[in-house]
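User: I would like to learn how to read salt bridges and burial from a model. Please take me through a case.

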Amino acid sequence: MKQPEKVSIRPKVTMLSILKHVEYEMWFALAEFIDNAIASYLKYEKELKAAEGKDYKLCIQIEINEAENKIVIRDNAAGIHEADFGRAFRAAEIPPDNTGLSEFGMGMKSAACWYSDNWTVRTKALGEDQEKIVHFDMKKIFSDNMEELDVEKKAANKKHHYTIIELIDVNKIPRRKGIGKVKDHLRSIYRDFLRKGIIEIKLGTDVLTYEEPRILNVARYDDLKGNPVLWRKEIDFDLGNGMSVKGFAAIREKGSTQEAGFALFRRGRVIEGSFDNGFRPEYIFGNPNSFRYQRVFGELHLDGFEVSFTKKGIQWDENLEIFLQLLRHDLSTKEFPLLQQAEEYRVRATEKEYKAAQKALDETVDDLKEKAPQAIKEVQESPVVAAEAEELVKTDKTIQREFEVRFNKITWKISIELSFDPSLNELIEVGDHLVNQNSTDASFRNIGIRLSLTHPFMVQFAGTDTNKIEPILRFAAAFGLSEVIAKSSGAKTQGEVRRNFNQLISHLSKMQ
């Protein structure tokens, strides 16, 4: 019988036209292609191992070519068989078995359309004797209202099996640091398949692997002399209506604001909480400044829950509150107070950290020994200036946040600023003045505290690293407010400390 030379892409192409506007992240779009490959592998696992041997492994290769603006995804799964070929190219046609990772009949189409208007699928199904090629030119499909596409067929070895998807003229291609983030998310999303050795994912030349976080193993916070406890707890509870949760929760040995939080799995892959997007509801984790926010992590496998068709979020409905209550109860028992341990435990410095601290101390002392005599001499020779209300020099090269506090029947409007104006010479500036200089109403004060990002000290020791800027900014804010409070308490020369500090710190931050 003559094989069909066309494939239907019904329903109406208007459905395909909206897929490019679907809300995706780069990694979730690529994950759709990986899901299809895994689904094919799981469906034909016996046949694939019979053909390739028991050591056969599913391999998925992703190539991102920035120069040619092209992405190619290759897999050695079972290919798209003739019986599934028509359905594979029709949007929203649910597969007969939708209990796996391919459940909506949208993945490949929605992800490919999101990335590009021009893409090709080349596939060879295990056990069949033809390679099939279908090309999607979305602009032509829309303009001509096409409902069928030509299928190019070539004779091929029955033993061969693969699918190659080529996305051309990609309009959302990951670049440089973005590629690193894609890798981190993919290794996180498919960690369960990777750790079980089911698949190999390569992005460029890198084979993705998942590194398990180290779990805290110390005595309880309220019994420091007790035996060490491995702070990992198995989770297993039922929400009713066919919904259940299994997995574990644990405390990271080393806190990480970026990588803490829960990963929520469904059907073996992460749906919410991959890499730096950990699932961290406030009811469990508290605010971002809490220790448990940085330390608690885990993997929770959800059964019976629905997901969005892009598979980037759980459809909670009214079940979220019940889920959180049961989870928090499991993590806060008297016998195993995991959340309390995460919040109360304080890390002791390791030998490596002591050595780093010793190095920092030695370098600082050596610098002081060399530069302090001249610096102190210059500071001592500077005239003492009585503290007066002063206004910060105005500059547009600054970012700021303002807030108000009520203290001693006075409302203080406090502005914290980060300046990148190179014409300003001081590391820390403090402005303390009445909002209306001509007013006799002293019940409202305007206070400005400014930290210069262009000061040599910041350039040398902090740069643009948020983790370094933040502690220095907190110090500057406390320093500035201390000066203002000292003045409100009757001090006359409190600003002299800051002026001396600014002079000294300039000497200690000059480049060698």
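User: Which side chains meet in a salt bridge with an N to O distance of 3.2 Å?

Analyst: A salt bridge here is a side-chain nitrogen of Lys or Arg within 4 Å of a carboxyl oxygen of Asp or Glu. In this predicted model, the side chains of Lys-196 and Asp-192 form such a pair at 3.2 Å. Local features need pLDDT of at least 70 and side-chain atom pairs count only at pLDDT 80 or more, whereas totals for chains, interfaces and linings use all residues. Residues are numbered from 1 along each chain as its sequence is written, and side-chain values use heavy atoms, with hydrogens and water left out.

User: Is Lys-196 buried or exposed?

Analyst: Buried means under 20% relative accessible area, exposed over 50%, and partly exposed in between (1.4 Å probe, protein chains only). Lys-196 has 55%, so Lys-196 is exposed. Asp-192 has 11% and therefore counts as buried.

User: Which residues are linked with these two in a network of salt bridges?

Analyst: The network holds Arg-191, Asp-192, Arg-195, Lys-196, Glu-212 and Glu-299. Within this set, Glu-212 and Arg-195 meet at 2.9 Å, N to O. Glu-212 sits in the loop between β9 (206-207) and β10 (217-218), and Arg-195 in helix α8 (residues 191-195), 17 residues apart. Helices (H or I, at least four residues) and strands (E, at least two) are DSSP runs, numbered from the N terminus. Glu-212, at 40%, is partly exposed, and Arg-195, at 35%, is partly exposed.

User: How many salt bridges are there by this rule?

Analyst: The count is 26.
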